[in-house]
Amino acid sequence: MHYKYTIIDSNATSNLQLQHYMEDYGDFTCINISKNKKEGLHSILKFLPEVVIINLNENSEEYFSMITELHQYLEKLPIFIGIAKNKNFAYNAIKNDFFDYWLQPYNEYEILKSLLKLKKKLPKQEVPQTLCLKSYSDFQYLNTNNILYLRADNNATDFHMKDGTINNAYKTLKTFESQLPPNFVRIHQSYIVNTNYVSRINYGKSICALRLVKVQLPFSKSYKINVDQLKKVLSSKTISSLN
């Protein structure tokens, strides 16, 4: 079970360091990095992360106002964690319902305790492996392990299966994005892929190739961070042979 998080921080070094810490705990997946309030607000509304980590060293008041603004658009806000070099912004962070406040340089033990508390606050439930597609009185039951990828078709979605069949659902791709197990990743406005079947990622051509079928799915710039995260996950499970 994975928790999706995004970082709002203009400091590239700080971003990388924080991602390394989060990777060590296995259950956290970075879905986007933003450099300012405008990008951060767009990222939260687009990707709906469960955790948002914000660097408060710069423009802290803008980020506090962003959280107030988010109440206009979301019924349930993500968990916010502030990071800073000192405790100057801690009081305002608490007033704005931040879950925790991490001081830089990071203390691994403090981060671990914080993430354990977060998991306790947001327990993950097992995601069912069977997906039900309902259309009037017709019910189709799909084993998610047999789904290769999903393709948007206007306001409908095509499910491309391992046996070559295609099942149709009269709902948008975004509807299924949050319902599927974490091994399904959106790589394009029109595609969600089952990462268990990805055999190749070609950044030059911006495509993901799938095993079992001769299919190459495009990935777009706006979802490149998902592809980067997918590459990290796949690389961690393989024997590397660098040319």
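**Asking how each label was earned**

Modeller: Ser-206 lies in the loop between β13 and β14. A helix here is a DSSP run of H or I with at least four residues, a strand is a run of E with at least two, and both are numbered from the N terminus. This is a predicted model, where local features need pLDDT of at least 70, side-chain atom pairs count only at pLDDT 80 or more, and totals for chains, interfaces and linings use all residues. Residues are numbered from 1 along each chain as its sequence is written, and side-chain values use heavy atoms, with hydrogens and water left out.

Colleague: Why is Ser-206 called partly exposed?

Modeller: Buried means under 20% relative accessible area, exposed means over 50%, and partly exposed is in between (1.4 Å probe, protein chains only). Ser-206 has 28%, so it is partly exposed.

Colleague: What is notable about the phi of Ser-206?

Modeller: Its phi is near 55°, a positive value in a residue other than glycine. Most residues other than glycine have a negative phi. Leu-212 also has a positive phi, of about 80°.

Colleague: Where is Leu-212, in the loop between which strands?

Modeller: Leu-212 lies in the loop between β14 and β15. Its relative accessibility is 61%, over the 50% limit, so it counts as exposed. Leaving aside neighbours within four places in sequence, Leu-212 is in contact (heavy atoms within 4.5 Å) with Lys-162 and Tyr-197.

Colleague: What makes Tyr-203 and Phe-219 an aromatic pair that is edge-to-face?

Modeller: Rings of Phe, Tyr and Trp (its six-membered ring) pair if their centres lie within 6.5 Å; planes under 30 degrees apart count as stacked, over 60 as edge-to-face and the rest as tilted. Tyr-203 and Phe-219 are 5.7 Å centre to centre, with 75° between the planes, so both tests are met.

Colleague: Which parts does that pair tie together?

Modeller: Tyr-203 lies in the loop between β13 and β14, and Phe-219 in the loop between β15 and α7, so the pair ties together parts that are 16 residues apart in sequence. Tyr-203 is partly exposed at 32%. Phe-219 is buried at 7%.

Colleague: How do you know that Phe-159 and Phe-176 form a pair that is edge-to-face?

Modeller: Their centres are 5.0 Å apart and their planes 85° apart, so they pass the 6.5 Å and 60 degree limits. Phe-159 lies in strand β9 and Phe-176 in helix α6, so the pair ties together parts that are 17 residues apart in sequence. Both residues are buried. The structure holds eight aromatic pairs.

Colleague: What makes a set of residues a nonpolar core?

Modeller: The members are buried Ala, Val, Leu, Ile, Met, Phe, Trp, Tyr and Cys residues, joined through side-chain atoms within 4.5 Å. The largest nonpolar core has 21 residues; Tyr-5, Met-22 and Trp-102 are among those with the most contacts inside it. Elements that give two or more residues to this core include β1, α1 and α5. Apart from it lies another core, of 19 residues, including Ile-54 and Phe-80.

Colleague: Which peptide bond is cis?

Modeller: The bond from Gln-104 to Pro-105 is cis, with omega near 0°. Most peptide bonds are trans. Pro-105 lies in the loop between β5 and α5.
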